[in-house]
Structure formats: structure tokens, C-alpha cells
Amino acid sequence: MKVLWFSNTSANSDEYFNNQLSGTGGWLKALDKAIQEKVELHVAFYHNENIGSFRHGKTTYHPIRKYKHLFEEIKTLLFNEIIDTKHIDIYLNIINKIQPDIIDIHGTENPFGCILGKTEIPIALTIQGNVTVCLHKFCSGIESNYLRLKRIRVSNPKTLLFPHSFQKKRSMFIKMQLLEERNWKNCKYCIGRTDWDRRISRLMAPKRGYFHNDRILRDGFYHTKWVHKNKKKLILHTTNGNLFHKGFETLCLSLNELNKFGIDCEWRVAGIRENDLIVKVVKKKLKSKFPNKNLVYLGPLTEDALILKMLEADIYVMTSHIENSPNNLCEAMILGMPCIATFVGGTGSLLTDGQEGILIQNGDPWAMAGAVLELKENFTKAIEMGQNARRRALKRHDKAENANKLLKIYSDIINLSRKK
């Protein structure tokens, strides 16, 4: 079988470019490795340089230069333009060159979706999140008057040249939502993982064929197991991002409550630096309620460094306002950590409240802090929940089973498309 992926992330070509901190797409790298021995896999993705196709491992990668001229890059940064149909000829040329049996577009909001309806080759949309719902939840934790900050300098060099406010990010999401609506309208087959994405896709593409396939996680998490270490200070861990919907303000308010309660703790946040925009916005919003101690910024970490930090912690906390099947929670579960998560999107499909962790109301810092106290005061129960979570996660993220199931889905879609 010949398979072509279109993706916003570059899968294992990061290794070819020696990029260890790409930030996203770890699950796609794992899936790339899991199926490249069983199919002829091709991956098309955006890249900043003009590089031809190349082979790495047993996968062939097809970089697509995002901008041909500096003017295009400046225009996109300033006005949040989304590359779409102006590159359709490039996409179709790649398809014609490869002649795949099936195409898998990773992400419903993906610009590559403009090829839907433009080729006879069957196309599946693999659901990652849902921009329509993310946009609906945009101001869940940070009111709109705090989203108009301008010219705040952060670590990203492009942001220094072209400052982006959260208002501009919202504008970008609106444009992505339009792409997503069009893609759903033309979608015949989609692949999802949770009750949440199954229900949403039913509304957005009533005639779509829906297929369930769970993710494969990053390799290191399968070979490591969390063990509780008796120590005086309670260590909490969250893997987050410099994004509005990840609930950083809820984390800060929860930590403030724990500080007031006199809990000797340290809340570590991977993926965020102290000078990131989200930190500046939340400080402005919370003022004196922003925690003045026990908050530690770990910044972006490699896979190995992240695992080490998670193993040092006592409890994992997911704070987001919206998610589908968050990899960070799945990674904590497969390690066997006691977990607290907001009951949003697809998290209820991942974790059973009271058995494999604790689910709390989105945006409720008092419930979050209370859940931390609950696990701290009965850590025997917390450890038991973590063990239950690990058993479930190991089964859900089984590499061989999920790889084989995906190939079966591809075969089913190919056969269905031939009958039509």
C-alpha cells in the first residue's frame, strides 16, 4: 500500500534536520516509525527552505516551501494570512508524482484540505482538535480586554520583528475555522479517537464515515514507570504551552490557593518560559493573585528531559479549557502518575473519574487545588489511580495494535471508495 500524508508537522524528518525541539507532533513521529516498515509512506509538509524530496529511514519526505519571497512571509506575519489554494498545484503535483492508494490529511483545519474533491484518490481527515470549538472557548480563562496587548517582546525572533497580540491569534483562528468548515463539507472519511470528536464530526460532516484509531505515543514513555518517592515537598507537574486555551491562569490561581493553605509544594510547568506572552497576560489579569512563590518554568524540553522531570513529580495536572485527546495527559497516564485533569473535550474518554484519576470542572481553581489536597492526603489511593491509569493507557496506546488498525482503516476506506 502506498500512503501519502499531508501534515503541518514534519514527522521524523526532524531527525534529518537535527531538530530535537520541534515542539509538536511527537505522536506523528511515533506513527511514522510504526508503519513505515509495512507501507510505502510519503509525508508532505511545509518547510522554510527550498529543499527537494528526500528519504529518511524508510519514509520519503516532500518539503513544501511555505514562502517563495520575503514579501510573502512578511505579509503572512503581519496579516495572519493562511496559505491555502495558491499552493494547490504543488499539492496535486505531489499526488500525481506519488500516485498513492490513499491520502491522510492530519488536521481538519489544515490548508491541505483544499485538495478534497480535487482527486479521485480517497482522502481521510485525521482529527487532531477542532478550531470551531477552540474559537468558542477562546476567552474562557482570559477576558477579551486582556487579549489586546501589543508589542510585548518574547523569545521568538519573529515576534520581536512583528509583535503578535492574542487578538491577532484570534483572527488567525477565525480564518482557520473557515478552512475547517470547508474541509468538513467536502469530507467523506475521518479518523478520530474520542466520543467528543465523534459527536462533533457527526454534526459537521453528517455523511462522513467515522473510524476510530488511538494514537501511538513517544517511545520513551512506554519504557519508563513512575514510582512514588517519599519526600517533604509536594511536586506538581504540568506540560503546557504559550497558548490562551491551556488554562495557565487556572494553574496560577490554584497554586495561589495552595500557597494560602500553607502547602509546601512546587508547581513545575514544562513548555512555558517566564518571559512568554501567556505569562505576561496572566500576570496582568491576576495582579496580586498571581503566585509569588513555588511556580517553576521549565521551558521547552526534549523527550528525555521531560520524562525525567515528570518522574520527579508527585501529581500530574492538566489545566486546559479545551482538548481532544491531549498527548500530555496520555503520557502522564502511561507513566502511571496520579492525574488531575479538566473534564473538557475528549478527556472523559481517556480517564475515568475516581478510578484512574480525578476530573474537575474546567476553569475552577478551587476544585483543582482541592483535588491536589485530596490526592496528597490519601496518596495510597493516588498511587492506585496512577496504576489503573497506566494499565488503561498501555492498552489504549499499544503500538502494534494501533498501527495495524490504521492500516486496516486505510484498506477499508480504499475499498469503500471503489464501490462508489
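Reader: What do buried, exposed and partly exposed stand for, and which of them fits serine 171?
Author: Buried means under 20% relative accessible area, exposed over 50%, and partly exposed in between, with a 1.4 Å probe and protein chains only. This is a predicted model in which local features need pLDDT of at least 70, side-chain atom pairs count only at pLDDT 80 or more, and totals for chains, interfaces and linings use all residues. Residues are numbered from 1 along each chain as its sequence is written, and side-chain values use heavy atoms, with hydrogens and water left out. The relative accessible area of serine 171 is 28%, so serine 171 is partly exposed.

Reader: Where is serine 171 found?
Author: Helices (H or I, at least four residues) and strands (E, at least two) are DSSP runs, numbered from the N terminus. Serine 171 lies within residues 166-185, that is, in helix 7.

Reader: Why do the buried residues of helix 8 lie on the same side?
Author: In helix 8 (residues 195-204), the buried residues are Trp196, Asp197, Ile200 and Ser201. The arc is taken from the directions from the helix axis to the C-beta atoms. These residues lie on the same side of helix 8 because they cover an arc of only 120 degrees.

Reader: Which residues are exposed on the other side of helix 8?
Author: An α-helix has 3.6 residues a turn, so residues three or four places apart point the same way. On the other side of helix 8, the exposed residues are Arg199 and Leu203.

Reader: Which are the edge strands of the open sheet?
Author: Two strands pair if DSSP finds at least two bridges between them. Six strands form the open sheet with parallel pairing, in the order 11-10-9-12-13-14. Pairing on one side only marks the edge strands, strand 11 (295-299) and strand 14 (358-360).

Reader: Which strands does helix 9 touch?
Author: Contact means heavy atoms within 4.5 Å. Helix 9 (residues 248-261) packs on the sheet, and its direction makes about 170 degrees with that of strand 10. The strands touched by helix 9 are strand 9 (234-239), strand 10 (265-270) and strand 11.

Reader: What is helix 9 in relation to helix 14?
Author: Axes are lines fitted to C-alpha atoms, for helices over the stretch in contact, and angles run from 0 to 180 degrees between N-to-C directions. The axes of helix 9 and helix 14 come within 8 Å and cross at roughly 55 degrees. Angles under 35 degrees count as roughly parallel, over 145 as roughly antiparallel, 65 to 115 as roughly perpendicular and the rest as oblique. Helix 9 is therefore, in relation to helix 14, oblique.
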